[in-house]
Amino acid sequence: MYLKNKKDKEEVDIMLKTFDFEKLPIVEIVNEIIIDATKHRASDIHFDPLSDYLKVRIRIDGTLIDYCAIPNEYKKNLITRVKIISGMNITENRLPQDGAIKTTLNGIPLDMRVSSLPTNAGEKIVIRILDYSMSIEGLEKLGFTKENYEKILKMIKLPNGIILVTGATGTGKSTTVYSILQKLNKEESNIITVEDPVEMDVSGVNQVQVSSEIGLTFANVLRSILRQDPDIIMIGEIRDNETATIAVRASVTGHLVLSTLHTNDSLNTIERLLDMDVERYLLAASLSGIISQKLAKKLCPYCRKKVPTNQYQKYLFKKNLGIDLNEIYAPGDGCGHCMNGYNGRIAIHEVLLINEDIRDAISNSVKKEELKKLVYKGDVNTLLQDGLIKVAQGLTSFEEIIKLIELDVEDIIIDKNQDQGNQNQTIVNNNNDNNIK
C-alpha cells in the first residue's frame, strides 16, 4: 500500500506493511516479505538492526523504501530463519557470511543471493533478488541505440580478443554479459565460464563456480580452461592482477574472452588494466571492446509530463547532441502504474570498439589527455550523450542523468554562471556530491 506523508513541504512516498507477529509464524512472515518484494519489482531486501527494532527496507528502481518494522523480541528468530534457508551457519554471528536461496514460493521461481554482516547493533542481512528475464529476452532488448548494438555485434563476431562490460555494482553488468553469451551460444562453439557464484544456468554452456577454500580460484580455473579447447571464455569478474594477465593472454592466443570490471567508462577501464600490470603490448593486441553502463530510472509512460527546457538544459543538448530542444518529459505526480513518476530502470551505455589508433596509443604510452581524445573523437557516444538521447526520447528524466553521470568542468562552470535560480544550483550541488571531475 502506498501512503503519502507531508514532510518539509514535499510529498514522500513510503510503503508500509504490518504483520500480526502473535498469530503468524516467522516462516510465513519471511515468505511474505520475499514474495511481496518480488511482486513490487524490488532488487534487494535490507534487514537493518536498530536499537528498538529491525527495520526492513526494499530497493525499487534503485531507491530504498521503508517496508516494515520487526519488534526486537522477534528479530533473532527472523534473522535465524533467513540464515537457515540461505544455507548459512546460524551459530556464527561474529563474521560475515554469504548464502543463496533457490526456491519457488506461491508459484514464483526465486533465485537470491544473501549476505550477512555483523554490526554494533546486530546482524544486518541483505537479500539480492536476481532477475534474468532481460537476459533471456536477448541483447536487443537491453536499451542499446542502433549504433551501439551494431558495434557490439561487430565485437562478438571477432574470432579472438577481450570484451569488457564495466560499471558499478548493481548496474546490470551480469545481465549484459549473459545476453551476449545467449547470442554466442551455438552448437559449434565450446563456451566455458568461471564465476563466483554461477548466477544463471545457461543450457549448452560449461559453467564453473570458484571455491577459494579448496584452492579453486579464478586463476587456477582459467589455467585449466585453456587446456579444455575453448572457443569462448567468460570470466565473472576481473578482480586482481593475476586474473587480468591470464585473461588478456587467453584472448591473445585465439580465444574470445568476456568479463566485467568495476570502472566508470572506457578511458578508466584502459587505465585500470594498465594499473593491474597488464603489459601494454598485450593489452593493445587483445582489447576488442568496452561496454560501460549505468542504470537510470525510467519515466512512467502513463503519467509523465512535458515541461519546457531551461537555458542550461538547452546548452547541454546543443553541445552534446547538436540539437535544439524546447521540451522534454519530466516525472509525473505518480499513478497506479508507478512510484513518484518512475517505473523500472533503463540502461545508459557507452560502447567503444577499439581501433588501430587506440591500439597504437596504448602501446606507445601516450598521455591520458591524448588517449581521451582518441577514444572519444570517433563514433563513441559518451554516457552523458546516450543519457541525453534517452531524455530526448522521453525514456528518462534530465535530473536522473545529471545525478548519474559526471560532467566536464566547463559544463559546471557554465551552469554556475547561468542566472537560472535555485534549480540549476541544485544540479551543481548534486553533481558535486557525486565527485564531479
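The largest nonpolar core of this predicted model has 40 residues. Within this core, the residues with the most contacts are Val194, Ile235, Ile238, Ile270, Leu283, Leu287 and Ile358. Leu287 offers a handy place to start looking around: leaving out residues up to four places away in sequence, Leu287 touches Ile162, Leu164, Ile270, Ile354 and Arg359. One of these partners, Ile270, is itself listed with the residues that have the most contacts inside the core. Apart from this core lies another, of 33 residues, which includes Ile70, Leu78, Val82 and Met112.

The two cores can be placed against the overall picture of the chain. The protein has 437 residues, and 47% of them count as buried. Its secondary structure comprises 16 helices and 17 strands. Among contacts between residues at least 6 apart in sequence, 64% join residues at least 24 apart.

Aromatic residues come next. A search of the whole structure turns up four aromatic pairs. A pair of aromatic rings is described by the distance of the centres and the angle of the planes. For Phe19 and Phe21, the ring centres are 6.2 Å apart and the planes stand at 65°, so this pair is edge-to-face. Phe19 and Phe21 are both buried. Ring pairs also bring in Tyr74, giving a cluster of Phe19, Phe21 and Tyr74.

Another of the pairs joins Phe317 and Phe398, and here the geometry is tilted, because the planes meet at 40° while the ring centres are 6.3 Å apart. This pair links distant parts of the chain: Phe317 belongs to helix α10 (residues 311–321) and Phe398 to helix α14 (residues 398–404), with their positions 81 residues apart in sequence. Phe317 is buried, at 0% relative accessibility, and Phe398 is likewise buried, with a relative accessible area of 0%. A further aromatic ring, that of Tyr329, has a charged partner: Arg304 lies over its face, at 3.9 Å from the ring centre.

Helix α14 holds a second residue worth a visit, Glu400. Glu400 counts as buried because its relative accessibility is 5%, under the 20% limit. Its side chain makes a polar contact of 3.1 Å with the side chain of Lys403. Beyond residues up to four places away in sequence, Glu400 touches Ala296, Lys297 and Tyr342.

From Glu400, the view can be extended to Gly387, in helix α13 (residues 383–392). Gly387 and Glu400 are 13 residues apart in sequence, and their C-alpha atoms are 8.9 Å apart in space. Gly387 is buried, with a relative accessible area of 0%. With neighbours within four places in sequence set aside, Gly387 is in contact with Ile348, Thr396 and Ile401.

A second acidic residue, Glu123, is found in strand β8 (residues 122–129). At 13% relative accessibility, Glu123 counts as buried. The side chain of Glu123 makes a polar contact of 3.0 Å with the side chain of Lys83. Lys83 also appears in the list of residues in contact with Glu123, which leaves aside neighbours within four places in sequence. The other entries in that list are Phe47, Pro49, Ile79, Glu92, Asn93, Ser116, Leu117 and Pro118.

Finally, the cysteines deserve a word. A disulfide is a covalent bond between the sulfur atoms of two cysteines. The structure holds zero disulfides. Cys300 is in no disulfide, and the nearest cysteine sulfur, that of Cys335, is 3.7 Å away. Why is the sulfur of Cys335 not bonded to that of Cys300? The distance of 3.7 Å is too far for a bond, because a disulfide requires the two sulfur atoms to be within 2.5 Å. The surroundings of the two cysteines can be set side by side: Cys300 counts as buried at 0% relative accessibility, whereas Cys335 is partly exposed, with a relative accessible area of 27%.

Definitions and conventions. Residues numbered from 1 in each chain as written. Predicted model: local features only at pLDDT ≥ 70, side-chain atom pairs only at ≥ 80, totals over all residues. Heavy atoms only, no water. Helix = DSSP H or I, 4+ residues; strand = E, 2+ residues; numbered from the N terminus. Buried < 20%, exposed > 50% of the residue type's maximum accessible area, 1.4 Å probe, protein only. Contact = heavy atoms within 4.5 Å. Core = buried A, V, L, I, M, F, W, Y, C linked by side-chain atoms within 4.5 Å. Phe/Tyr/Trp six-rings, centres within 6.5 Å; stacked < 30°, edge-to-face > 60°. Lys NZ or Arg CZ within 6 Å of the ring centre and 35° of its normal. Polar contact = N/O pair within 3.5 Å; in protein donor to acceptor, adjacent residues only side chain to side chain.
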